[in-house]
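Subject: A structure for you to explore

Hello,

Here is the structure I promised to pass on, together with some notes on what turned up in it. Have it open while you read, and turn it around as you go.

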Amino acid sequence: RRYVAVDADIATVAAARASGGRLLAFIGINPLSSFAMDELRHWACEPGVTGIKMQLGNAGFDPRSPDQVERLARVFASARDNRLAIAAHVRSEARYPTSDVDTFIEKVLPFAGNAPVQIAHGGGSGRLDSAAVAAIARYADAIKHKKPGTKNLVFDVALIVIDEETDPAL
């Protein structure tokens, strides 16, 4: 089965190629789709593609589903094998217990090997809440203890720190 590229992906890759290395193309992949692996292999062969990006919440990822965790781990392994970096929005719902973070650290991240992995929003949803702070602490501990998959683990910490419920300026 061959993956058919959408115009936005083609334009993104073309812009990266034309930039002389100033732009990097990351292709969005739903790791739970039936064609995720075909899509990943297709883009891995395209000059200008640097990595994949996954929005686990939008994909409907459930970190408590062994089948979905295994599927995500296979995508991470394939990205590693194809020398693609990984950017992941890992928080899949408002309730985000540390057990979900631990599942990701223990059962998915090791499959990245030494591939670069960026966790979006520090493992949160874009808001700085107690679950995001707890996630950052868990990832920091994993890095400190040199857990598999953490050698090239980085974070963006683009977070909203103003709470519209308590900030009178809003």
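To begin with a puzzle: which residues of strand 3 are buried on one side, and which on the other? Ala-85, Ala-87 and His-89 lie on one side, Ile-86 and Ala-88 lie on the other, and all of them are buried. Five of the five residues of strand 3 are therefore buried under the cut-off of 20% relative accessible area. In general, the side chains of a regular strand alternate between the two faces of the sheet. Please keep in mind that this is a predicted model.

**The overall layout**

The chain has six helices and five strands. Starting from the N terminus, the order of elements is α-β-α-β-α-α-β-α-β-α-β. Of the 170 residues in the chain, 41% are buried. Among contacts between residues at least 6 apart in sequence, 77% join residues at least 24 apart.

**The sheet**

The five strands make an open sheet, with parallel pairing and the order 1-2-3-4-5. Its edges are strand 1 (25–28) and strand 5, each of which pairs on one side only. From one strand to the next, the twist averages 25°.

You can follow the pairing across the sheet. Strand 2 and strand 3 run parallel and are joined by five bridges; in strand 3, Ala-85 is the bridge partner of Gly-51. Strand 3 also pairs with strand 4 in the parallel sense, over three bridges, and here Ile-86 has Val-117 of strand 4 as its bridge partner. Strand 4 and strand 5 are parallel too, again with three bridges.

At that last step, Ile-119 has Phe-155 in strand 5 as its bridge partner. These two residues are 36 apart along the chain, yet their C-alpha atoms are separated by 4.8 Å. Phe-155 belongs to strand 5 (residues 153–155). Is Phe-155 buried, partly exposed or exposed? Its relative accessibility is 28%, so Phe-155 counts as partly exposed. Leaving aside neighbours within four places in sequence, the contacts of Phe-155 are Gln-118, Ile-119, Gly-122, Tyr-139 and Ile-143.

**Helices that pack together**

Helix 5 is a good place to look next. Its buried residues are Asp-100, Val-101, Thr-103, Phe-104 and Ile-105, and they pack against helix 4 (66–81), strand 4 (117–119) and helix 6 (130–144). A general point helps when you look at such a helix: an α-helix has 3.6 residues a turn, so residues three or four places apart point the same way.

How do helix 4 and helix 5 meet? Their axes come within 10 Å and cross at roughly 45°, and the two helices are therefore oblique to each other. The crossing is right-handed. Val-69, Leu-72, Ala-73 and Phe-76 of helix 4 make this contact with Thr-103, Phe-104 and Lys-107 of helix 5.

On its other partner, helix 5 packs at an angle of about 30° to helix 6, and their axes are 9 Å apart. This crossing is right-handed as well. Thr-98, Val-101, Asp-102, Phe-104 and Ile-105 in helix 5 meet Ala-134, Ala-135, Arg-138, Tyr-139 and Ala-142 in helix 6.

**Two aspartates to compare**

Asp-100 sits in helix 5 (residues 98–107). Its relative accessibility is 3%, so Asp-100 counts as buried. The side chains of Asp-100 and Arg-64 are joined by a polar contact of 2.6 Å. Not counting residues up to four places away in sequence, Asp-100 touches Pro-63, Arg-64 and Arg-95.

Asp-62 lies in the loop between helix 3 (56–59) and helix 4. With a relative accessible area of 28%, Asp-62 is partly exposed. Apart from neighbours within four places in sequence, Asp-62 is in contact with Gln-68 and Val-69. Asp-62 and Asp-100 are 38 residues apart along the chain, and 8.8 Å separates their C-alpha atoms.

If you would like a place to start, find strand 3 and check that both of its faces are covered.

Best wishes

Methods: Residues are numbered from 1 along each chain as its sequence is written. This is a predicted model: local features need pLDDT of at least 70, side-chain atom pairs count only at pLDDT 80 or more; totals for chains, interfaces and linings use all residues. Side-chain values use heavy atoms; hydrogens and water are left out. Helices (H or I, at least four residues) and strands (E, at least two) are DSSP runs, numbered from the N terminus. Buried means under 20% relative accessible area, exposed over 50%, partly exposed in between (1.4 Å probe, protein chains only). A polar contact is a pair of N or O atoms within 3.5 Å; within protein, one must be able to donate a hydrogen and the other to accept it, and residues adjacent in sequence count only if both atoms are side-chain atoms. Contact means heavy atoms within 4.5 Å. Two strands pair if DSSP finds at least two bridges between them. Axes are lines fitted to C-alpha atoms, for helices over the stretch in contact, and angles run from 0 to 180 degrees between N-to-C directions. Angles under 35 degrees count as roughly parallel, over 145 as roughly antiparallel, 65 to 115 as roughly perpendicular and the rest as oblique. A crossing is left-handed if the near helix is turned anticlockwise from the far one by less than a right angle, and right-handed if clockwise.
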